[in-house]
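Let's take a friendly walk through this model, beginning with its enclosed spaces and moving on to strands, helices and backbone details.

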Amino acid sequence: MMTVSAARTLKNGDSCFVGIGIPSTAAILAKATHAPDLVLIYESGTIDTNPTRLPLSIGDGELAQTALTVVSIPEIFNYWLQPGRIKIGFLGAAQVDKFGNINTTFIGGTYKNPTVRLPGAGGATEIAGACQDTTIICRQSTRTFLEKIDFITSVGYGSGPNSRKSYGLIGNGPTTVITDLGILEPDPDSCELTLTKIHQNVDVDAVIAATGWKLKISKDLEVTTPPTDQELLFLRKLNPPKKS
Amino acid sequence: MSKFKSLEEAIKELVHDGDTIAMEGFTHLIPFAAANEIIRQGLSDLTLVRMTPDLIYDRLIGAGCASKLVFSWGGNPGVGSLNRFRDAVQNGWPKPLEIEEHTHAGLSNRYLAGATGLPFAVIRGYQGTDLISVTNNVAEITCPFTGERLTAVAALNPDVTIIHAQQADREGNICLWGITGIQKEAALAAKKVIVTVEEVVDAFAPRSNSTVIPSFVVSAIAIAPHGASPSYALDYYIRDNDAYIAWNAISKERESFEAWLVSEGLRK
C-alpha cells in the first residue's frame, strides 16, 4: 500500500528524483499505469531513464542504458537538483519528527559514539532542500515517528513555518508522508504533520499509538483507495515473490 | 617512460602510508582490484575519501588500512549496511576511525573545487541540518552580491586518486563511459592519478557520454581485467549482485571477515 500510495502522488509529466527500494518501484509503477510521461532522474546522473526491471543499485547499468542522457555527479546536483528543476523527490527515513525533519545518520548514543551508525546523508539533504515537493516514505511506529530525532540529516520544516526560508531552502518541503498506516500532510499554518488519510482497515487509535508526538487528525480524514487489480498485477510482475 | 605498470608496481611506487587516497566510481567502475592490492601490500594510516564507501572501503577499513574516512553515504547499495564500517565507527575495530561526513552535493563539490584550483566551492545546502556542526571543511558564507546565506565546502586535493576505466589507448589516454560519476573531478583534483583498465585499444570508438582523461594527467596505468568486479563495467560485465548480498554475511563477524582476507590471498 505504501508503494501504491507513493505511485499515486506522481502526476503525468512530473519529473521525479528517485532512490532505490520503494521509490523506484513506485515510480516505475506510476510510469506503467497513469503517468507514462513521468521523467525519472537518479542521483547517479541518469536523466529520463526507462528501466524495465527494478534497478539493483542507484547506478545500475540498466538506468544508464535506458536514459535520455547520463551526466556527471557534480552536474546532477549542481545543474539539475540545486536550482529546483525537479518536481518531486522521494525520501526514506530512520526517524521523522512532527516537522518532517529526517534522521538517516545514527540512532542512540552520540554522534561520535553512536549505538547504531546509519549510512548518512547521500543525496537526501539536497533533495529535501531543493525538490519542489518531497514525499517521505517510512513505516510508522514510536521508534520512527518521534517528538525529537537523534540527528537532523535532512530538513523538513525545521522548527516551524519560517525555518525553510531562513535556511535558504527553495523547495516547498515534505508535502506528503506515506506510512504503512496512512498518509500525513503538513498543516497549512503550523507545518505540523497531520493525519489526513488512513489505509483501509486501519484504526485511527492505532496510528495515534504509533506516533511519538500528540498526533493531530484532520477533520476531513479520508480512507485511501485500496490497490487496483491493475496495480497489483504490475507489482507482482515487477517484483515476483522470493522463493525461500 | 611508459606509464603502463603492473598494479603491484603502481601501488608500491605511488601510494604511501599516511596518504590521502580517493578511489571513485559511483556504483559503476569501482576500482576493487587496486583496493585489494593496497590490502595485500599492508598500507596503513590512510585517509580514504569516497562518496559511497561501498564494499571497497568496507574491506580496506576492516583490514586496518584506514585511520580516517571522508564520505557522503555509507551503506551497501541495494542491500543494507556496511558492517566493517559500522564496527569501526561504533567499536573502534580494528582501530578507531575518524570520520568526516558530507552530503553527496557537498563532497562532490569539494572535488570540483580541487579540480578547478579554487580554495572552496559554494552550494546551497547543509543549512538547518546537524551536519554543519559536526563536519569540518564546511562553513557558512554570505554571498557578496545578494547577501544570501550559502555554504562553502573546502577544496579536496587527494595525494592519489585511483579509478577504473574501460579502456586506455597505447599513448596512455583513458576512456570511460556509462555512469562516470565524479571520476574526472577526483582525477583532476589529485596530485597523482592511477588508472586500472579493462583493456588497451588502438583507438577509442566514438561514443556519446564518454569521458576521456588525457595521458598527461595520468601517473600510472595498470591493466586489470574484471578490475571493477563485483561492481560492473558497462559493455564488459554486469554487477555481481550475489557478491554484494553475500558480503553482508562475510563482513558480519570479525572472524568471518578475517577468514575471507586469508582465503582471497589478501593476508597471510
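By class, how many nonpolar, polar and charged residues does the lining of the largest cavity have? The lining has 9 nonpolar, 8 polar and 2 charged residues. Please keep in mind throughout that this is a predicted model.

**Enclosed space**

Rolling a probe the size of a water molecule over the atoms shows where empty space is left. Here the count comes to 2 cavities of 30 Å³ or more. The largest cavity holds about 140 Å³ of space. It is lined by 19 residues, of which T125(A), E126(A), G129(A), R124(B) and G125(B) are the closest to its centre. Three elements give two or more residues to this lining: α4 (73–81) and α5 (124–130) of chain A, and α5 (104–116) of chain B. The biggest share comes from α5(A), with 4 residues.

The second largest cavity has about 40 Å³ of space. Its lining includes L91(A), I102(A), A128(A), I136(A), V155(A) and P174(A), and R164(A) is also part of that lining. By class, this lining divides into 6 nonpolar, 5 polar and 1 charged. The table sets the two cavities side by side.

| Cavity | Volume | Lining by class |
|---|---|---|
| Largest | about 140 Å³ | 9 nonpolar, 8 polar, 2 charged |
| Second largest | about 40 Å³ | 6 nonpolar, 5 polar, 1 charged |

**A strand with two faces**

In a regular strand the side chains alternate between the two faces of the sheet. Strand β13 (residues 210–213) of chain B shows such an alternation: T211(B) and I213(B) point to one face and are buried, while S210(B) and V212(B) point to the other and are not. What joins this strand to β11 (residues 174–177) of chain B? The two run antiparallel and are joined by 4 bridges. Within this pairing, I174(B) has I213(B) as its bridge partner.

**Helices of chain B**

Helix α3 (residues 54–62) of chain B contains L60(B). Is L60(B) buried or exposed? With a relative accessible area of 0%, L60(B) is buried. Beyond its neighbours within four places in sequence, L60(B) is in contact with M23(B), A35(B), I38(B), I39(B), L48(B), C65(B) and A66(B). One of these contacts, C65(B), is itself buried, at a relative accessible area of 2%. As for T161(B), which is 101 residues from L60(B) along the chain, the C-alpha atoms of the pair are separated by 15 Å.

Helix α4(B) is mostly covered, with 7 of its 9 residues buried. Among the buried residues are the nonpolar F85(B), A88(B) and V89(B), and the charged R84(B), R86(B) and D87(B) are buried as well. Just after this helix, G92(B) takes a positive phi of about 70 degrees.

**Cis peptides and positive phi**

The loop between α4 (83–91) and β6 (98–101) of chain B holds P94(B). A cis peptide bond joins W93(B) to P94(B), and its omega is about 0 degrees. A further cis bond runs from S229(B) to P230(B), with omega near 15 degrees. P230(B) has its place in the loop between β14 (220–223) and α8 (241–252) of chain B.

Which residues other than glycine take a positive phi? One of them is N201(A), at about 65 degrees, and another is T27(B), near 65 degrees. N201(A) lies in the loop between β13 (193–198) and α7 (204–209) of chain A, whereas T27(B) is in the loop between β1 (20–23) and α2 (32–40) of chain B. Their surroundings contrast: N201(A) counts as exposed, at 78% relative accessibility, but T27(B) is buried, with a relative accessible area of 2%.

**Cysteines**

How many disulfides are there over all chains? The count comes to 0. Why does C138(A) form no such bond? The closest cysteine sulfur to that of C138(A) is in C16(A), and because the separation is 18 Å, it is too far for a bond. C138(A) is also buried, with a relative accessible area of 4%.

How values were computed: Residues are numbered from 1 along each chain as its sequence is written. Chains are lettered from A and ligands numbered from 1 in the order in which they are written. This is a predicted model: local features need pLDDT of at least 70, side-chain atom pairs count only at pLDDT 80 or more; totals for chains, interfaces and linings use all residues. Side-chain values use heavy atoms; hydrogens and water are left out. Buried means under 20% relative accessible area, exposed over 50%, partly exposed in between (1.4 Å probe, protein chains only). Contact means heavy atoms within 4.5 Å. On a 1 Å grid over the protein atoms alone, a cavity is a set of points where a 1.4 Å probe fits but cannot get out, and a pocket is an open set with protein on both sides within 12 Å along at least five of seven lines; lining residues have an atom within 4 Å of a point. Grid points are joined across faces, edges and corners, and a volume is the space filled by probe spheres set on the points. Two strands pair if DSSP finds at least two bridges between them. A disulfide is a pair of cysteine sulfur atoms within 2.5 Å.
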